[in-house]
Amino acid sequence: MRTKSVGKKKINVVTLGCSKNVYDSEVLMSQLKANGKEVVHEDRGDIVVINTCGFIDNAKEESINTILDYVEAKNRGEVEKVFVTGCLSERYKPDLVREIPDVDQYFGTRDLPILLKHLGADYKHELVGERLTTTPKHYAYLKISEGCDRPCSFCAIPLMRGGHISTPIEKLVSEAQKLAKKGTKELILIAQDLTYYGLDLYKKRALGDLLKELVKVEGVEWIRLHYAFPSGFPEDVLDIIREEPKVCNYIDIPLQHINSDLLKSMKRGTTHEKTNALLGKFREKVPDMAIRTTLIVGYPGETEERFQELKDWVKEQKFDRLGCFTYSHEENTSAHVLEDDIPQEVKEARVEEIMELQSQVSWEKNQEKVGKIFRCMFDRKEGNYFIGRTEYDSPDVDNTVLVSAEDTYISIGEFADVKITSAEEFDLYGELV
């Protein structure tokens, strides 16, 4: 058994799930550091805080396994205390307390001040906007709102994150300025729903107003939009994307499906025809824009015919980036009353079919880039390559640009112009120009 440390306790924050959780962990770490605490991210520590995800079955399983691993470490004397926070804890606290009682305390998604107290720290209001970033310093997530008011039948996020609350523009600009002073060049705007931003504060959709202020922040060169809901999308944003060099020609808009009957059951507030009209408007106003979307397959009632409609649509639309997930039958969502009538193996086979189609689309689009020059941000070096991205690619989820490190040096976190020399399905190879 490890001898317990006598001096200051080191707190290890472990983050699971999406970029919104990354952001929340960074806020927690900043608060702890300001209280004089020694804090690390996913390293060794005397006290462990696990920020969990509870979105779908796979994420819940990963969160539970991580909790169990640290509880076992605690029982072996390798850590002293284990605290659990985040979405899984918000949604299933009574079950977790019963099933995994060796956790010292469970906290919900909006319990930061209480969590800090249990860690011997006080919540410092003057630190709003301060974060101890865990991403490379040249890019950072900027969470512009919390929670969601959408009624999507398959989604448990409102159960875990509550209703939509926008962060005021002036606070977000202040946060962006602080990040820029630390070397952040790319802001990735995130929320449960970017499209809804501002309705609660300004009685109108204010994403465009926010972008107009963020582009004024010195040092920020790229601003990227993630998680925009399709229904009610504010079209003035398209003009800003087209006209403002700092706003990347990129949007992440989760469309989930295309069959109108399924979209109605999903409570998405749109149809096949309206979705296509919106995509047409995107491409008309910003012809150079990369569109990323996510799809769900295996939703109740997705017949072979409806799945074929989805496949045909994916081939027709030729999305620049696409992710696909199997439907997860979540309790307390409105879809849970439906019969989960698609076998898991069929769901997984459908994911493979969609991603095979997208692989071909991506290969064809990447071949068109060969011979062209792109301004790229370089994130890291792996093996014999420097790994970068164009403005059409978000970190961790999209394509990468590889430049040989054998006879070239590129500073990490810097921009460089690259001529593409060859391309694969999801990777571009190039040389500096």
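The crossing of helix 9 and helix 11 is right-handed, and I should say at once that this, like everything else I will show today, comes from a predicted model. Helix 11 covers residues 272–285, and where helix 9 packs on it the two axes are 9 Å apart, at an angle of about 30°. Since angles under 35 degrees count as roughly parallel, that makes helix 9 roughly parallel to helix 11. On the helix 9 side the contact is made by Leu238, Asp239 and Arg242, and on the helix 11 side by Lys281, Phe282 and Lys285. If we sort the residues of this contact by class, we find four charged and two nonpolar, with no polar residue.

Helix 9, which runs over residues 236–243, also meets helix 8, residues 207–214, and here the axes come within 8 Å and cross at roughly 25°. Helix 8 and helix 9 are therefore roughly parallel to each other as well, but the crossing of this pair is left-handed. The residues that meet are Leu207, Gly208, Leu211 and Lys212 from helix 8, and Asp236, Val237 and Ile240 from helix 9. By class, this contact of helix 8 with helix 9 has four nonpolar residues, two charged and one polar.

Let me turn to the interior. The largest nonpolar core has 52 residues, and the members that touch the most others are Ile144, Leu189 and Phe282; Phe282 is also one of the helix 11 residues in the contact with helix 9. Helix 6, residues 169–181, gives the most to this core, with six residues. Apart from it lies another core, of 20 residues, which includes Phe386, Tyr392, Val418 and Ile420.

What does Leu189 touch, if we leave aside its neighbours within four places in sequence? Its contacts include Leu142 and Ile144, then Leu194, then Leu207, Leu210, Leu211 and Leu214, and finally a run made of Ile223, Arg224, Leu225 and His226. Of these, Leu207 and Leu211 are also among the helix 8 residues that meet helix 9.

Leu189 belongs to strand 9, residues 186–190, and in the loop between that strand and helix 7 we find Gln192. Is Gln192 buried or exposed? With a relative accessible area of 15%, Gln192 is buried, because the cut-off for that class is under 20%. Although Gln192 and Gly147 are 45 residues apart along the chain, their C-alpha atoms are separated by 6.1 Å. Beyond its sequence neighbours, Gln192 touches Ser145, Glu146, Gly147 and Cys148, and also Lys20, Ile157, Arg161 and Tyr227.

A second buried residue worth a look is Ser362, in helix 13, residues 344–367, which counts as buried at 1% relative accessibility. Not counting residues within four places in sequence, Ser362 is in contact with Asn399, Glu425 and Phe426; Phe426 is 64 residues away in sequence, yet the C-alpha atoms of the two are 6.6 Å apart.

I will finish with two backbone details, both in loops. Lys203, in the loop between helix 7 and helix 8, has a positive phi of about 60° although it is not a glycine, and with a relative accessible area of 66% Lys203 is exposed. Lys318, in the loop between helix 12 and strand 13, likewise has a positive phi, near 50°, but Lys318 is partly exposed, at 38% relative accessible area.

Terms used: Residues numbered from 1 in each chain as written. Predicted model: local features only at pLDDT ≥ 70, side-chain atom pairs only at ≥ 80, totals over all residues. Heavy atoms only, no water. Helix = DSSP H or I, 4+ residues; strand = E, 2+ residues; numbered from the N terminus. Buried < 20%, exposed > 50% of the residue type's maximum accessible area, 1.4 Å probe, protein only. Contact = heavy atoms within 4.5 Å. Core = buried A, V, L, I, M, F, W, Y, C linked by side-chain atoms within 4.5 Å. Axes fitted to C-alpha atoms, helices over the stretch in contact; angles between N-to-C directions. Parallel < 35°, antiparallel > 145°, perpendicular 65-115°, else oblique. Left-handed = near helix turned anticlockwise from the far one by under 90°. Nonpolar A, V, L, I, M, F, W, Y, C, P; charged D, E, K, R; others polar.
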